[in-house]
Structure formats: C-alpha cells, structure tokens
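This report walks through one chain, helix by helix. Please keep the sequence and the 3D view open while reading.

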Amino acid sequence: MGRKQTEKKTKDKEKKSGSRTKARRGDSATQISQLQGARDAGKKQFMLAEKTGTAYAGYIKRGKVFLADLVSSRKADLAAGNGGAPDVPDGNGEMIDFDELAVAFEKPPNRYSALALELFMVEKCMNQDLGIQTGQSTYSAFKKHWEMMNNDTYRGPYAYDETQKRVSGNPALSAQVQDILHTIENKSRAGGDGRNHAEAMTIGSMKKMMEWSEQTCPSDWLEKDIKDLGTLLTVSKHFLMRAFMSSGFTIWTRNSELCGLQRRHYKQDCEGREPYFVPHDLVRLENRKGWTRRTGASHAIVGNEYEIYEQKKTPEIDMHFHLRQWVLFLEKKLLVRPLKADEYIFPAISVNGMTHANKTIDHDVVQKYLSEFAASVNLTADYSTHCFRRGGAQYRFMQCPLGERWSLSTVRWWGGWAEGEHADTLIRYLVDELHAYENTHSDALHPLQREANVSFNGDHILTSPVTAAELREFKTSLDRKIDGLAVEAAKLVLTGLGSIAAGTTASVTPHSGLPNSIVAVSSQPTTYGSPGPSRQAQAIQNMRSGQTATTQGPRRAVPAIRGAVIPNLPRGASAWHEAVKQWEEADITSGYALKDWPIEWYTGEMKNVTATKRTQRKVITAEYERMNRDDEEFIREYPEANQGIKALLAAINKKRMERNELIQRRSKNGTPNERGPS
C-alpha cells in the first residue's frame with residue numbers, strides 16, 4: 001500500500017512538472033515579446049535624462065514640421081506654375097523625389113534623410129542665424145533618433161546601397177551633415193562666438209559685490225521694523241542676492257537648479273561625523289541637469305546631498321551664513337510665518353511686496369539683480385547666472401590657498417558631472433582657463449610678474465620668500481586703501497555738514513572743519529575698480545535713514561496682511577479656467593478661496609494690493625455662471641478667452657455695459673467725441 005502511494009505521488013509530480021514545462025514552452029513567444037517591450041520602454045525612459053529626451057523630441061518634431069512645410073510649399077509652387085524648374089537636383093545631381101523626401105525623418109531612414117537634416121540645419125543656423133548651440137543640439141537629437149531605430153541597424157558609418165535602395169549606418173554621420181556641422185562651428189568662431197561658455201565669477205569680484213551689499217544694506221535690517229514698501233523691496237533684494245550668489249558659488253548650481261530649491265531640500269543644524277561632530281547645514285539637490293531620477297528611491301541619485309559648513313575665512317562665499325540670513329528674513333519680514341516644505345527658498349516677490357512662495361523667482365529678475373550688483377562695483381565683465389558654477393569650480397580646483405584645493409574627482413562629484421560624461425565640459429571649466437592663465441602676457445608691465453608658466457598656476461610664487469619689491473607694492477596698495485576710506489569718510493562728513501547747513505541760517509564752507517589731508521584726498525578720483533565713494537556713501541546714508549532710490553517721493557506702505565496673496569494667471573487660453581478655480585477653490589497657502597476671503601483682505605489698506613485681481617476673478621466666474629458653467633457656450637460667447645485674460649475682461653465689461661450692469665467712469669474732460677480732435 002505504501003509503495004502504490006509512492007508511485008502515485010511520483011506520477012502526480014511528473015504530470016505537474018510536465019504541465020509546467022509545456023506552459024513555459026507555450027508562453028515563450030509571449031515572454032520574448034514582453035521582454036522586448038520592457039526593453040523598449042526602459043530605453044525610452046532611462047537612456048536619456050528626462051529633460052534631454054524632451055528637448056531632443058522637440059527638435060525631431062520641429063524637423064518634421066519643417067520638412068512637411070518644405071515639401072508642401074514646393075508642390076504648391078509647382079501646381080501654381082511659379083516654382084521655377086520642375087525638378088531640383090540633390091547633392092549627386094539626381095532629381096529629388098519629393099514624396100520620398102517627405103518621409104525622410106520617418107522610420108526607416110531613406111536616401112534623403114541626410115539631405116533633409118542638412119537642409120534643416122541650414123534653415124536654423126544660416127537662414128534664421130541661430131547659434132552654434134542650436135546646430136549642435138539639432139545634430140545630436142537626430143543622431144540619437146536614428147541610433148535608437150532597429151537596435152544597431154543605423155549606427156556607425158553612413159552608407160547608401162543604390163542597388164538595394166537601403167541605408168546602413170547613421171545618416172547624421174554622412175559627409176554632407178558633418179560638413180554643414182563644421183561650417184556652423186566655423187561660422188560661430190568667425191563671429192567671435194568660439195568661447196561660448198559663461199564668464200567665470202572670481203573670488204575677488206564676489207568680495208567686492210558682497211562688501212558693497214553689506215555696506216549698503218547691513219544684516220541688522222533683520223531686527224528693524226520696515227514699514228516702507230520701497231525699503232522692503234530693496235532690503236529683500238540684497239538679502240536674496242547675497243544668499244543666491246554665495247550658494248551658487250559654493251555648490252555650483254545652474255540658475256534653474258538653485259531657483260528650484262525648496263524648504264524641504266534644506267536642513268539646518270545637522271551634526272557632523274564623529275569624533276568632532278562639526279555642525280553644518282544640509283542641502284539636497286534633486287533637479288540637477290543630466291541626473292536621472294530613480295523611480296521609488298528616496299533620493300534623486302546617490303551623492304546629491306551637500307554638507308554646508310561655515311566658511312569664516314572667506315565670508316563673501318559663506319553660504320552657511322548668507323542662506324540662513326535670507327531664510328530668516330523671508331520668514332520674518334516677507335511671509336511673517338515659517339516657510340512650508342514645498343515652498344521655494346527663492347520665491348517670486350511682486351512689486352507690491354507680496355511674496356508668492358509657491359512660484360520660483362524669474363530667471364530674468366536674478367540676471368537683472370546680478371548686472372546691477374556688478375555695475376555698482378564697476379565690474380565690466382558680462383556675467384550670466386552660470387558664472388557662479390564656473391567660477392566656483394575654478395576656485396576650488398586651482399585658486400584656493402595651497403593645501404585647500406580639490407582633486408579632479410572631488411570637482412567632478414561636487415559639480416554633478418557623471419562618471420561616464422565626456423571630459424569636454426570639465427576641460428572647458430578648468431583646463432582651458434588654466435591654460436589661458438598660464439600663457440597670457442597681458443600684464444607684462446605689472447611691477448610684480450606672476451611667472452604663471454613656471455609652475456602649475458604659478459604656485460611657486462606662493463612658497464617663495466617675500467621680496468623687497470613685493471613689500472613696496474604692498475605698502476602702495478595699503479596707501480590706496482587708506483586713501484579710499486578717507487574719501488568715503490569725507491563724503492559722509494560733507495553730507496552731515498550739508499544737512500546742518502540746510503537747517504540753519506549760517507553758511508557752512510564745504511571743507512570747513514575737515515583735516516587738510518581728507519580735503520585733498522576727497523577731490524581725487526577713485527581708481528582700481530573700486531566703487532565710487534559718492535555712490536556708495538549715498539547708498540549707505542540712504543539705507544541708514546530709511547530711504548532708498550525707490551522711496552523718493554510719496555512712500556507706499558508695506559502690505560498689512562502678507563498671507564493675502566493672489567497667484568498670477570497663466571497666459572493664453574487656460575487663464576480663465578484658472579481664474580474660476582482661484583475664486584472657488586481654497587488656496588494651499590492662505591487656506592481660503594477668493595470668494596471666502598475676510599473682508600479686511602481686500603479693503604482698507606489692502607484695497608490697492610489685492611482688490612483689482614480679486615474683482616477680475618469674481619467677474620469672470622460670474623459670467624461663467626451666467627453661461628450655466630458650460631465651457632462651450634462660454635467660448636462661443638467670449639472667443640476672446642482664447643487670447644488671454646486682458647482681452648476676455650474687455651469683452652465681458654463691454655457686454656456688462658450693454659446690459660447696464662457696469663457704468664463707465666466719465667472723464668472730467670468729457671468723452672472723446674466731446675473733447676474733439678486734439
């Protein structure tokens with residue numbers, strides 16, 4: 001009985017094993033197709049960084065539109081009889097088949113694919129005169145487009161088989177495409193565009209701007225009660241830019257990366273590793289260019305957290321101090337509440353003083369502030385916001401004091417450059433600049449020679465004994481600094497004397513009561529790129545007295561209720577939908593829908609701040625209700641809604657006047673007809 005049961009169990013196992021084996025064999029085709037689908041999906045999602053893939057897709061789409069327009073325009077000309085020669089030769093002298101040319105960017109590539117890409121690049125970079133970046137990006141996008149077709153079919157050197165009418169290799173690698181790419185590069189260099197990377201910010205320039213900003217707007221404004229709107233905006237600008245510049249120089253961020261920093265990315269008062277436990281702040285970057293996000297991971301990529309320590313020896317780039325100061329000012333003076341986790345550390349600030357913490361500061365605003373700061377200390381370089389990334393990398397690699405410079409491996413990690421990335425970027429950032437520094441002789445007349453070509457970065461000078469010539473130059477430099485301070489003191493004293501003279505009947509001689517040495521110095525021009533004393537002294541005097549350049553004349557009060565923020569509407573056809581949403585749905589920041597706002601938020605002192613924007617949302621929503629909340633009916637009644645809010649409001653108000661719901665204000669000079677021709 002036991003043996004029969006054993007045999008039965010063995011047979012049952014064999015049946016089950018056989019059925020499983022058959023199932024696996026029967027599903028093999030399905031499994032292969034599923035794996036291939038997973039492969040294609042994985043390549044599409046992870047082969048390129050998300051932003052790069054989106055950008056490449058845009059170039060491909062625009063290329064197809066260009067090609068379709070080109071072919072349809074040619075066919076239309078031929079049909080109208082004004083197209084000139086009925087046939088157009090290709091590069092080999094053969095007549096072009098426009099039907100085949102129309103699908104040159106589709107799958108698979110054909111004999112005209114290389115020609116089509118060449119024509120598209122000519123249109124962009126020759127006819128439209130766009131820069132080298134457009135040409136290189138267009139080329140890279142189509143090269144990758146064809147590489148991803150049919151595995152490795154269209155990779156490698158390009159060739160076209162006339163017999164089989166078949167393309168092999170990548171059309172982007174054809175001679176004609178390579179020639180036009182080199183032509184675009186040469187055109188760019190001929191136009192003075194060969195060195196197209198950003199001007200690097202130096203530690204010296206950072207020091208000048210930071211010192212000017214600190215003198216103009218000291219940190220003690222954190223403790224002052226600011227009631228004037230112009231002063232609030234000016235002080236905000238200085239605190240913001242000191243944090244932005246020091247942060248960009250320290251962690252080498254691009255403008256978009258730093259603007260996208262949220263409160264949840266910034267953690268204060270962290271404890272360092274044992275045994276010293278040095279306190280520091282922690283900054284996490286999740287949106288670095290080229291970094292691929294890991295689905296489901298707690299971090300964007302390993303190594304995206306930066307420990308920020310105090311840098312007391314170089315206060316001009318002390319991100320630890322300046323970022324803390326800005327966040328404190330933002331919460332204490334602008335928001336009057338703690339910053340929420342998903343709100344931006346560098347938010348948009350309206351001209352009325354309202355802070356939109358859910359919206360990042362605009363790139364153009366940062367660029368405007370940077371240009372203003374540079375001009376205020378007479379810096380002539382044309383800086384972009386990318387200058388901090390490049391300047392910070394150069395400083396840590398070759399300009400820090402000896403013993404504090406970073407290795408190339410540290411530079412690569414800190415800057416977010418991937419291990420597999422080409423060395424071209426690092427060469428542009430570091431080696432090119434070092435080569436230019438070591439081989440330039442523009443300062444050959446300088447009293448002290450750098451001898452930069454003798455050792456790496458001229459470092460042997462730093463370890464050599466001090467010479468008599470260096471001591472003499474140091475004394476001269478110190479004298480210039482003292483003279484500059486004397487000029488500044490003289491201007492401040494003269495300003496005070498002028499104020500006294502204005503309030504008394506006695507006349508005051510301009511230089512009375514001043515030492516002769518100060519009087520003599522005050523008439524000398526400021527040199528060596530330092531800010532002019534008159535501008536700097538006036539700025540300091542203005543800030544100390546609560547006045548700024550923006551507060552001359554009637555003052556505007558700081559908004560009384562900081563939480564009463566109405567987000568700006570987007571441009572275009574979706575704006576009216578957002579207006580209705582803002583009126584009816586609670587805002588994440590204020591906790592109220594506009595229709596439920598407390599009355600003091602849009603009346604009294606707040607009337608000039610929020611009333612107009614709130615009324616606009618109310619009018620649009622009321623008209624939408626009048627159309628029974630029917631989108632199609634609303635658009636039929638107001639097609640102007642597709643143009644934007646301004647056109648829509650004009651149309652609604654016109655209809656309201658026709659219904660006698662809105663009375664137009666009458667000018668004291670009468671109507672245009674009553675006034676007659678001017």
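The buried residues of α23 are covered by elements that include α20 (575-584), α21 (607-626) and α22 (631-637). Contact here means heavy atoms within 4.5 Å. Helices (H or I, at least four residues) and strands (E, at least two) are DSSP runs, numbered from the N terminus.

The model is predicted: local features need pLDDT of at least 70, side-chain atom pairs count only at pLDDT 80 or more, and totals for chains, interfaces and linings use all residues. Residues are numbered from 1 along each chain as its sequence is written, and side-chain values use heavy atoms, with hydrogens and water left out.

**Helix α23**

Which residues of α23 are buried? They are Ile-645, Leu-648, Leu-649, Ala-651, Ile-652 and Arg-656. Buried means under 20% relative accessible area, exposed over 50%, and partly exposed in between (1.4 Å probe, protein chains only). Seen down the axis of α23, the buried residues fall within an arc of 165°, so they line one face of the helix. That arc is taken from the directions from the helix axis to the C-beta atoms. An α-helix has 3.6 residues a turn, so residues three or four places apart point the same way. Exposed Lys-646, Lys-654 and Glu-658 sit on the face of α23 turned away from its buried side. After α23 comes Asn-660, with a positive phi near 60°.

**Helix spans**

The expected span of a helix is 1.5 Å times one less than its number of residues. Two helices can be set against that value.

| Helix | Residues | Expected span | Span between end C-alpha atoms |
|---|---|---|---|
| α23 | 645-658 | 20 Å | 20 Å |
| α13 | 387-399 | 18 Å | 15 Å |

For α23 the two values agree. Helix α13 spans only 15 Å, where a straight helix of 13 residues would span 18 Å. Twelve of the 13 residues of α13 are buried, so this helix is largely enclosed by the rest of the structure. Among them are Arg-389, Arg-390 and Arg-396, along with Phe-388, Tyr-395 and Phe-397.

**The α9/α11 crossing**

At what angle do the axes of α9 and α11 cross? Helix α9 (residues 229-251) and helix α11 (residues 319-335) cross at roughly 150°, and their axes come within 8 Å. Axes are lines fitted to C-alpha atoms, for helices over the stretch in contact, and angles run from 0 to 180 degrees between N-to-C directions. On the α9 side, the contact residues include Leu-232, Val-235, Phe-239 and Arg-242. On the α11 side they include Met-319, His-322, Trp-326, Phe-329 and Lys-333. By type, the contact residues divide into eleven nonpolar, six polar and two charged. Ala, Val, Leu, Ile, Met, Phe, Trp, Tyr, Cys and Pro count as nonpolar, Asp, Glu, Lys and Arg as charged, and the others, Gly among them, as polar.

**Two partly exposed residues**

Ile-635 lies in helix α22. Its relative accessible area is 24%, so Ile-635 is partly exposed. Leaving out residues up to four places away in sequence, Ile-635 touches Trp-576, Ala-641 and Asn-642.

Met-47 is in the loop between α2 (28-46) and α3 (50-80). At 40% relative accessibility, Met-47 is partly exposed. Met-47 and Met-148 are 101 residues apart in sequence, yet 9.8 Å apart in space, C-alpha to C-alpha. Beyond its neighbours within four places in sequence, Met-47 is in contact with Gly-42 and Met-148.

**Whole chain**

The chain has 24 helices and seven strands. Of its 678 residues, 37% count as buried.
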